Number of protein chains: 2
Amino acid sequence: MPLVVQKFGGTSLVTAERIHRAARRAIRAKLEGNHVVLVVSAMGETTDELLSLALQVCYDPPKRELDMLLTTGEQVSIALMAMAIDAAGHEAISLTAAQLGLVTDSTHTRARIQRISRDRIDRELAGGKIVIVAGFQGIDAGGEITTMGRGASDTTATALSAVLGAEVAEIYTDVDGVYTADPRLVPQATKIDEISYDVMLEMAATGASVMHSRAVEFAKKFKVPVHVRSSLTDASGTMVVTEPSGMESVAVRGVTLKEDLAVVSLIGIPNTPGVAAGIFSELSRCHVLVDDIVQNIHTGGKLANMGFSINATDTAEARAVCERLSAQLGIESVGIDESVSKVSAVGVGLRTHATTAATMFDALARAEINIDNISTSEIVISCIVRRTDGPKALRCLHSALGLDRIVETEGSA
Amino acid sequence: MPLVVQKFGGTSLVTAERIHRAARRAIRAKLEGNHVVLVVSAMGETTDELLSLALQVCYDPPKRELDMLLTTGEQVSIALMAMAIDAAGHEAISLTAAQLGLVTDSTHTRARIQRISRDRIDRELAGGKIVIVAGFQGIDAGGEITTMGRGASDTTATALSAVLGAEVAEIYTDVDGVYTADPRLVPQATKIDEISYDVMLEMAATGASVMHSRAVEFAKKFKVPVHVRSSLTDASGTMVVTEPSGMESVAVRGVTLKEDLAVVSLIGIPNTPGVAAGIFSELSRCHVLVDDIVQNIHTGGKLANMGFSINATDTAEARAVCERLSAQLGIESVGIDESVSKVSAVGVGLRTHATTAATMFDALARAEINIDNISTSEIVISCIVRRTDGPKALRCLHSALGLDRIVETEGSA
């Protein structure tokens, strides 16, 4: 029997009525002849409310206890979803990560999946049940409760899809698919019908919040087709697949804005081998993710300067690491700029479309937006700008890169 | 090193400030040279809020999923308590029932403890940590999450105390001990300094809500001294022990009121062997607890009538069982009266104090309170009265049985 994984995010579970709506969708998929596995997030703003509760009690909560606290949000959701399916006359069973056997490493708040057991899910599916799995959470080899980072319920869904050999992982959300830009910021944005894993990955990594980038990595690695769609309508959304069927001649598929960045500047680094490696390995050990290394200017003498961007939420930890290493390594000063954003154009073969970069820089210049830094890869071109300029830069690039015009063409066809 | 178990109820955890207060108490016990194990309930009204959420989604939630849902309340509390202790500079670790190894049978919402593993707690205590255990919850042999009934965090505390050989189980609550009657209903009630397990057990069973009766059973069975006391003051509360040191000449130690009762009447039962046994075994199978069998009148002919009291919350289930059996066994009719309460006098050797019963009936008669039924045991005399008469009956008995006068005597001494 084919198997479908459906993942419902917090906005799709915010009221009893929405939970029933999600339950009906799962039941319909079952009645259409599929095994159905649901992955659910915490209801609405639950995770933020729990975090705020933690911060009322403790300025810097131990991460193990934070995971103990936050995983209750998904546990509430799985129980309520099972009740909703039961109320509709169908059989369901909820499973925590511990009950399912979703094992991660022991890095609390940022754990990575190590293995997922099929046994319990297979048994429950064979018994005719819809299986409801708590997203976001895992359990380490010692039975400690872990979480995989904000938004990681998507990862639970695609990883489960891979292990179970699902036909499709349906990611239900409050928007009806992936757009050429965030429609809240760019009204001219249009829905993308098909997108490749690689482009989706870069869009997620550079700020498209519709899907978690690690979830896309799993889907890509195990070739799980992903369908990003609205929980409120039956309209089809965006298919994320290996090779989109057409439209690949369109170089730029979307533009994204990542607002929660900070740039760390290290001034006067001794120009001796291994210093940079020491800094980055210490940041990595402290679980600070370095987004882009934005400058690496050797002054020719004994000292160098270096800058890199990080998630703004890691600022305190990055500052602590850098100040400790400054003292050890003789770095002259550490500066952190917390008021930057990154605007990116994402598409296939951008390097071979040489005009894309030029078009971007020209458009930003004409809009009088300063570019602090540029980074490029095969499928993404990013510019660091002032945070206040972010939304304007996004709209400006969306228009300059011809994404607005797709609407016009389709409308006049 | 001596070991102390401290249990904090929902009212002692209702705000961040209260959680910190409880944390300070645990730290103080540790600094005084004890190993400390905390057992915590869900914060404030959390369990009721979760129940209401369930009822929004499902009229009759599956009990397994109800347990999945409700256990999140205690999981939130253990995490926050660990954070509060950490914030105060001491080491703590929270443990769910699954992590601890508190194994129950598989009767969801009313599970009973089968065994408790010491291994994990001993290891954490040896590592210098304060151990925080989620009350109310267990795990069955198959890894399913169970709960042990409302108020069962007390049971977790006394059962753990027994297994760990605790010096004392301290039950922290919002009142400063066990009273001769509920002080909210009887202003003349006085605090009891020492009470025997047996009397405490009957007081809990007949309505004193300060401690869960199964918790007292555990304490009695394993001779764990229990100290019921206020989380808001340092005053000592009520010690529950095998043999109170003095005062045992006082026959009646307290009066209680149990308001949430219903009386089921079975009219016209075929007078053949095994019918009553069949009814009670079916009620038991459906987990309806029969409080007292209040009437059993054989009419001398082929038919008999029978009445018994149950918890009002079981009314729907009891009605379903009785109506099903009526059809099968040829019982003429089933009536349920949901507007009764039970008022009880509890003390040692009440049967040998023949005057106690007479005093009670006389006092209720003079207050024009009808007694629907009477039941007596070695240490309790109970009367079923109209629910509207309950509080008045309680005050009347408290006074008639000389409990008011203890205050006057002490005041004039």
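Which residue is the bridge partner of B:Leu38 in β6(B)? I looked this up before anything else, and the partner is B:Ile132. I note here that the model is predicted.

**Entry: strand β2 of chain B**

I went on to the strand that holds B:Leu38, which is β2(B), residues 35–40. Six of its six residues are buried, so β2(B) is largely enclosed by the rest of the structure. I checked the two faces separately. B:His35, B:Val37 and B:Val39 lie on one side, B:Val36, B:Leu38 and B:Val40 lie on the other, and all are buried.

I then looked for the strands that pair with β2(B). Strand β1 of chain B, residues 3–8, is joined to β2(B) by six bridges, and the two run parallel. One pair I wrote down is B:Val5 with B:Val37 as its bridge partner in β2(B). Between β1(B) and β2(B) the chain passes through helix α1 of chain B, residues 16–31. I recorded this β-α-β crossover as right-handed.

β2(B) is also joined to strand β6 of chain B, residues 130–134, by four bridges, again in parallel.

**Entry: strand β6 of chain B**

How many residues of β6(B) are buried? I found five of its five, so to speak of the strand as mostly covered is fair. In β6(B), B:Ile130, B:Ile132 and B:Ala134 point one way, while B:Val131 and B:Val133 point the other way. All of these residues are buried.

For the pairing with β2(B), I noted that B:Val37 stands opposite B:Val131. β6(B) is joined as well to strand β3 of chain B, residues 92–95, by four bridges, and these two strands run parallel. Within that pairing, B:Ser94 stands opposite B:Ile132.

**Entry: chain A as a whole**

I turned to chain A and counted 13 helices and 18 strands in its secondary structure. A compact globule of 413 residues would have a radius of gyration near 22 Å, and the 23 Å of chain A agrees with this. Along the principal axes, the C-alpha atoms fill a box of roughly 75 × 60 × 35 Å. Buried residues make up 50% of the chain. Of the contacts in chain A between residues at least 6 apart in sequence, 74% join residues at least 24 apart.

I also looked up the division into domains. Domain 1 of chain A covers 3–174 and domain 2 covers 246–413. Their C-alpha centres lie 33 Å apart.

**Entry: where chain A meets chain B**

How many residues of chain A are in contact with chain B? I found 28, in contact with 28 residues of chain B. On the chain A side, the elements that give two or more residues are α1 (16–31), α2 (46–57), α3 (63–87) and α4 (97–100). α3(A) gives the most, with 14 residues. I sorted the residues on this side of chain A into 20 nonpolar, six polar and two charged.

**Entry: A:His108**

I found A:His108 in the loop between β4 (102–104) and β5 (113–116) of chain A. Is this residue buried or exposed? A:His108 is buried, because 20 other C-beta atoms lie within 10 Å, and 20 or more is the cut-off for buried.

I then listed its contacts, leaving aside neighbours within four places in sequence. They are A:Lys63, A:Arg64, A:Leu66, A:Asp67 and A:Thr146. A:Lys63 is 45 residues away along the chain, yet the C-alpha atoms of A:His108 and A:Lys63 are separated by 5.6 Å.

**Entry: helix α8 of chain A**

Which residues of α8(A), residues 213–221, are buried? I noted A:Arg214, A:Ala215, A:Val216, A:Phe218 and A:Ala219. What covers them includes α6 (153–164), β9 (168–173), α7 (197–205), β11 (226–230) and β12 (238–241) of chain A. Just after α8(A), I found A:Lys223 with a positive phi of about 50°.

**Entry: two more positive phi values**

Most residues other than glycine have a negative phi, and I noted two further exceptions.

A:Phe136 is not a glycine, but has a positive phi of about 80°. I placed A:Phe136 in the loop between β6 (130–134) and β7 (137–139) of chain A. A:Phe136 is buried, with 29 other C-beta atoms within 10 Å.

A:His287 has a positive phi near 65°. I found A:His287 in the loop between α9 (275–285) and β14 (290–298) of chain A. This residue is partly exposed, with 14 other C-beta atoms within 10 Å.

Key:
Residues are numbered from 1 along each chain as its sequence is written. Chains are lettered from A and ligands numbered from 1 in the order in which they are written. This is a predicted model: local features need pLDDT of at least 70, side-chain atom pairs count only at pLDDT 80 or more; totals for chains, interfaces and linings use all residues. The radius of gyration is taken over C-alpha atoms; the globule rule is 2.2 Å times the number of residues to the power 0.38. A residue is buried if 20 or more other C-beta atoms lie within 10 Å of its own, exposed if 12 or fewer, and partly exposed in between; C-beta atoms are placed from the backbone. Two residues are in contact if their C-beta atoms, placed from the backbone, lie within 7 Å. Domain bounds come from an automatic or database domain assignment. Ala, Val, Leu, Ile, Met, Phe, Trp, Tyr, Cys and Pro count as nonpolar, Asp, Glu, Lys and Arg as charged, and the others, Gly among them, as polar. Two strands pair if DSSP finds at least two bridges between them. A crossover is right-handed if, with the strands pointing away from the viewer, the path from the first strand over the helix to the second runs clockwise.
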